[in-house]
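Reader: I would like to learn how to read a protein model feature by feature. Where should we begin?

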Amino acid sequence: MKKKLAFILLMFIIFFASAQNSAKLIINGNNPKTTISRNIYGHFSEHLGRCIYDGFWVNDSMNVPKKDRIRLDIVDALKKIKIPNLRWPGGCFADEYHWRDGIGVRNQRPTMINTNWGNVTEDNSFGTHEFLDLCSLLGCEPYITANVGSGTVEEMSKWVEYLNFDGLSPLTTLRKQNGRTQPWNVSFWGIGNESWGCGGHMTPEYYADQFRRYSTFAKNYPNARLKKIACGPNSDDYNWTEVIMKNIGTSMWGLSLHYYTIPGTWGKKGSATAFDENEYQATLKNCLKMDELITKHSSIMDKYDPDKKVALVVDEWGIWTNVEPGTNPAFLYQQNSMRDALVAATTLNIFNNHSDRVRVANLAQTINVLQSLILTQGNKILLTPTYYVFDLFKVHQDAKLLPIQISSPDYIVDNQKIPSVNVSASQDSTGIVHISLVNLDATKKINIKTALEGINWNTAEGQIITSSKFTDINTFDKPYKVIESVFKGAKKEGNYLIVEIPPLSVIVLELK
Ligand code: AHR
């Protein structure tokens, strides 16, 4: 009798444990409607620290493959992940940048002080032509942020003319003298950056009027219809969204949103490399807040724009930690760990699942600043765990979103709960289905059983990014600690897809 009871208890424990470690997923492949814009996978490059200077743009003397002074090893790495767009010149820097200082003969360009980022001298050697040459090497769309804070309406209007007008004018003559005959037809334009903060400390009512002025004189030239992006809210400032939507509505193309994942607080952000499980989980909890922010801002937008004409443009996101010890605090140089990979993958899953409204996003910032894809040291480059996430997720670009329903076990640390698993799925133009699965739990593997409705498939192959510790990083000495590799833990059982996801992992599966 005792033996029988013990056996029942054991079965109960096994059942309970396995139930806790299992997730259920339904993917609906019937008649997908929303396209995941490739521009969700965009990046951001500000004149800040070593992102542009000593990042994209290096001295003539540096011994690396270059076109002009643009590093081609970096260009190749970003082309591999299909970078769709690049935002420039800021950030806060944009609202003190005067574009005319960055054109013409390089050694005659005026210098300025970069007051936002360490008061360093900006020599303006990287300006409009250099940025657009970079975008053309990358094969990506430029996204330019105009100066509203300390610039003028005329300055922005003339910048648009210089870039986009094909006819005869003093500015197009100047452009030609500076070596560019054809217009570039830049369509993404941010009208100011963080106008509620470093961009001028404006109220939303005042900014809405400014947007209308700047926007009126930023002209649509033939073949160059502008996608004007208004400065949107800081994180959960829902009043900002309400006022802007009410006053500008559908006369803007997009409304930006900035949200950074901070492990601790703005005053004490926390280290990029040394943190415990509580801090790890708290970081992911903060990262998951992106879903709530998008949901709530979108529902305000829906009131004024039920047809979802206005895009939500999350043009600054990512994890923001303390700088690496010994580096300039104004340069925002931080390492990048397995935790960052999980932040990136989780955020991209959130964007995919909200792609009816989120149509552009930009991780801050591509090289050597905040959550970078690439770190540099002299002529060496290092691909971060975040880089590999973008490599795996590129299959979602321009694919059709497949709606999902998920029930995930919780990942509990010290009574704090978050869902262990997050997912998104899409179908590309050839019919292949991709599923990106993330397990945030630091210790438990999760078995996930997926029903795929309306999808024909036979095989599931994939790639994984995982590591034994959430603090694992790639270094210049050991550059391949956290990278992508082949994943063999997916199988077909009847009509179900069964996947065992290891702890701390990002998987992208391809179903054919
Ligand atoms: O990405 C760093 C800074 O963060 C940007 O310049 C600014 O827009 C934001 O506050």
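**Reading burial, strands and empty space**

Author: Start with one residue: His 129 is buried, since its relative accessible area is 9%. Buried means under 20% relative accessible area, exposed means over 50%, and partly exposed is in between, using a 1.4 Å probe and protein chains only. This is a predicted model, in which local features need pLDDT of at least 70 and side-chain atom pairs count only at pLDDT 80 or more, while totals for chains, interfaces and linings use all residues. Residues are numbered from 1 along each chain as its sequence is written, and side-chain values use heavy atoms, with hydrogens and water left out.

Reader: In which helix is the place of His 129?

Author: His 129 is in helix 3, residues 128-138. Helices (H or I, at least four residues) and strands (E, at least two) are DSSP runs, numbered from the N terminus.

Reader: Which residues does His 129 touch?

Author: Contact means heavy atoms within 4.5 Å. Not counting residues up to four places away in sequence, His 129 touches Ile 103, Tyr 162, Arg 175, Asn 178, Arg 180 and Trp 184. With Tyr 162 there is also a polar contact of 2.7 Å between the side chains. A polar contact is a pair of N or O atoms within 3.5 Å; within protein, one must be able to donate a hydrogen and the other to accept it, and residues adjacent in sequence count only if both atoms are side-chain atoms.

Reader: Is Pro 263 buried or exposed?

Author: Pro 263 is buried, with a relative accessible area of 6%. Pro 263 lies in the loop between strand 11 (254-261) and helix 8 (277-304). Its contacts beyond four places in sequence include Glu 279, Trp 320 and Arg 339.

Reader: Which way do the residues of strand 9 point?

Author: From strand 9 (residues 188-191), Phe 188 and Gly 190 point one way, Trp 189 and Ile 191 the other, and all are buried.

Reader: How many bridges join strand 8 to strand 9?

Author: Two strands pair if DSSP finds at least two bridges between them. Strand 8 (residues 141-146) and strand 9 run parallel and are joined by four bridges; one pair of bridge partners is Ile 144 and Trp 189. Four bridges also join strand 9 to strand 10 (residues 227-230), again parallel, and there Gly 190 has Ile 229 as its bridge partner.

Reader: How many residues of helix 10 are buried?

Author: Helix 10 (residues 385-393) is mostly covered, with nine of its nine residues buried. Among them are Tyr 387, Asp 391 and Leu 392.

Reader: How is empty space found, and what is the volume of the largest pocket?

Author: Rolling a probe the size of a water molecule over the atoms shows where empty space is left. On a 1 Å grid over the protein atoms alone, a cavity is a set of points where a 1.4 Å probe fits but cannot get out, and a pocket is an open set with protein on both sides within 12 Å along at least five of seven lines; lining residues have an atom within 4 Å of a point. Grid points are joined across faces, edges and corners, and a volume is the space filled by probe spheres set on the points. The largest pocket has a volume of about 360 Å³. Its lining has 21 residues, with Lys 82, Asp 391, Leu 392, Lys 394 and Val 395 nearest the centre.
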